[in-house]
Amino acid sequence: MAQLILATYPPPLDPAQEQFLVSTIKDWTIQNGLTVRPPPNFVPEEAGQKGVLATNAPVTLFPSPFPKSCFEEARAVQTVYNELYAEISRDEKWLGEIMEELIDVDDFISNLWKVHLAVKKEGYVQKLSLGLFRSDYMVHTPPGSTAPSLKQVEFNTISSSFGGLSSRVTAMHTELLSSPPGFPISYPRHTLLDGKLPPENTAVETLSAGLAAAHTAYGSSKSSPSLPLCILFIVQENERNIFDQLALSTRLTNFHKIPVFRLKTSEILDRTSIPASNPSRPLVYTPPHSRSTPFEVTTVYLRSFYAPTDYKLDRDWAARTQLERSAAIKCPTVLNQLSGCKKVQQVLADPNRADHLARFLPGKDQATVARIRETFAPQYDLAPGGRGRELALNPETAANHVLKPQREGGGNNIYKTDIPEFLRSTPETEWKRWVLMELIQPPAEAKNIVLRSDGQVVSGNVVGELGIFGTILWSSDGEILHNKEGGWLMRTKGKESNEGGVAAGFSSLDSIVLY
Ligand code: ADP
Ligand code: MG
């Protein structure tokens, strides 16, 4: 029954209806900051560089149907997931053993681990860590299954993005579904839309509240004389997704009344310092536009430093080390960033390894631990003689898998039948860098229409990926000061595309209606 209704979604649009939706959405996105800086090649380089242009973020015309039971389950396990990754980050020995397997073959992981070791040697001065996490899922509907289930694609512990823009897509679809009020006619009628609105999306409130909790927990200034306090967003050069980030900083400034500054990675060493004479190591930031008013940074929020390309020079590693050794609360710390490695997710999911889940969640009953385990898809390492190696090298079984390296941000994976060939052309000593994951099988019949950032309208079969946001503030001695779930992200990609990142250009922002 549900299958039949889904197959007729979205309701067909005649040219006038499509024209109405597309032009309304074009205006709505600009009016409400559901925007990105224009993609390269869309406007002349010279115009783009002036920094005065923005265009709509890629968005779907319709919200996508999503099973209510899966949405509720994803929300229900989020605070447990928060705790799990806080606990893993606290267990330096366990994490270190996993990193050991990667350090010889992965320079990026090795350099991150070195930052941790350097700061550990000197001694950390901040016991608190902040996580702004996003757990990503797909709906799994293998042939013969009676009900859809929820499977995790990955867990993000650094730069978990799109809380800002996803709230706005939810607002846009909500407005379209109820417009005009009392006589909604923006969309043609369809059972899945009848009387429906997307669920509330509190991503901006939740993520900002997490940052505000860290800011408060930092306490008073450690400088003498004392300095005004601020939060610092560390950002990439030429960030196109800036309006997503500004949604959080604006909320922090206007609602929480906390000063927020944005600082590019390349400017960290020029604009921040740690007074050598102060053993508390406060991180002092001097805004270039107000050099007489230095601030002390309570919380460093990284929207950069998650990819090797964010570290072009040795200087960038020195900058990361400066942040890490300071008294500012890091979101995330190096250890927390490393806990989000695909390798960690594979080890957690490995049924042949000791039951790490139960060990990291000692206070949780078996049923709760089982619910987390239920969200895992099978994952393998490529050890000699192991099942993963066998599945990856056989083209028939490889076709049902994805090969992932220890990277974030999209565009790094090897898919399906490309896997055997890729491995054969890679020295065997480097296979440790990769984990093999079984493909999740999303509903086949889903369709939607996308308005891309370059104005093109594309329709077709799609695959959705739901992210649930969570925030947690914890102390190295195990105390949890703040642990919340709230807000979500729906991303929709063309079915023929393996990858899914919005910023990487593969997918678009969407919202959901539950069925
Ligand atoms: P990244 O850190 O680069 O975002 P992901 O693990 O999220 O890496 O993989 C990127 C994309 O690949 C996902 O958004 C999803 O579209 C696809 N993908 C990853 N793992 C799976 C899987 N097990 N089944 C189906 N698709 C997957
Ligand atoms: Mg991802």
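In this predicted model, Asn156 is buried, with a relative accessible area of 6%, a value that falls under the 20% limit used for that term. The residue lies in strand β6, which spans residues 149-156. When its neighbours within four places in sequence are left aside, Asn156 is in contact with Leu132, Phe133, Arg134 and Asp136, and also with Glu408.

That last contact leads to another part of the chain, since Glu408 has its place in the loop between β14 (401-404) and β15 (414-415). Glu408 is likewise described as buried because its relative accessible area, 17%, is under the 20% limit. Not counting residues up to four places away in sequence, Glu408 touches Glu154 and Asn156, together with Ile158, Tyr306, Gly340 and Lys342. For Lys342 there is a further detail, in that the side chain of Glu408 makes a polar contact with the side chain of Lys342 at 3.3 Å.

The UniProt record, an unreviewed entry, offers a reason to consider these residues together: its annotation "binding site" covers Glu154, Asn156 and Glu408. Although the annotated residues are spread over 255 residues of sequence, they cluster in space, and the largest C-alpha distance is 9.9 Å. Of these residues, Glu408 is included in the lining of the second largest cavity. The contacts of Glu408 with Glu154 and Asn156 fit this picture of clustering, linking the loop residue to both of the other annotated positions.

Key. Residues are numbered from 1 along each chain as its sequence is written. Chains are lettered from A and ligands numbered from 1 in the order in which they are written. This is a predicted model: local features need pLDDT of at least 70, side-chain atom pairs count only at pLDDT 80 or more; totals for chains, interfaces and linings use all residues. Side-chain values use heavy atoms; hydrogens and water are left out. UniProt positions are given in the numbering used here, feature names are shortened, and annotations may be inferred rather than shown by experiment. On a 1 Å grid over the protein atoms alone, a cavity is a set of points where a 1.4 Å probe fits but cannot get out, and a pocket is an open set with protein on both sides within 12 Å along at least five of seven lines; lining residues have an atom within 4 Å of a point. Helices (H or I, at least four residues) and strands (E, at least two) are DSSP runs, numbered from the N terminus. Buried means under 20% relative accessible area, exposed over 50%, partly exposed in between (1.4 Å probe, protein chains only). Contact means heavy atoms within 4.5 Å. A polar contact is a pair of N or O atoms within 3.5 Å; within protein, one must be able to donate a hydrogen and the other to accept it, and residues adjacent in sequence count only if both atoms are side-chain atoms.
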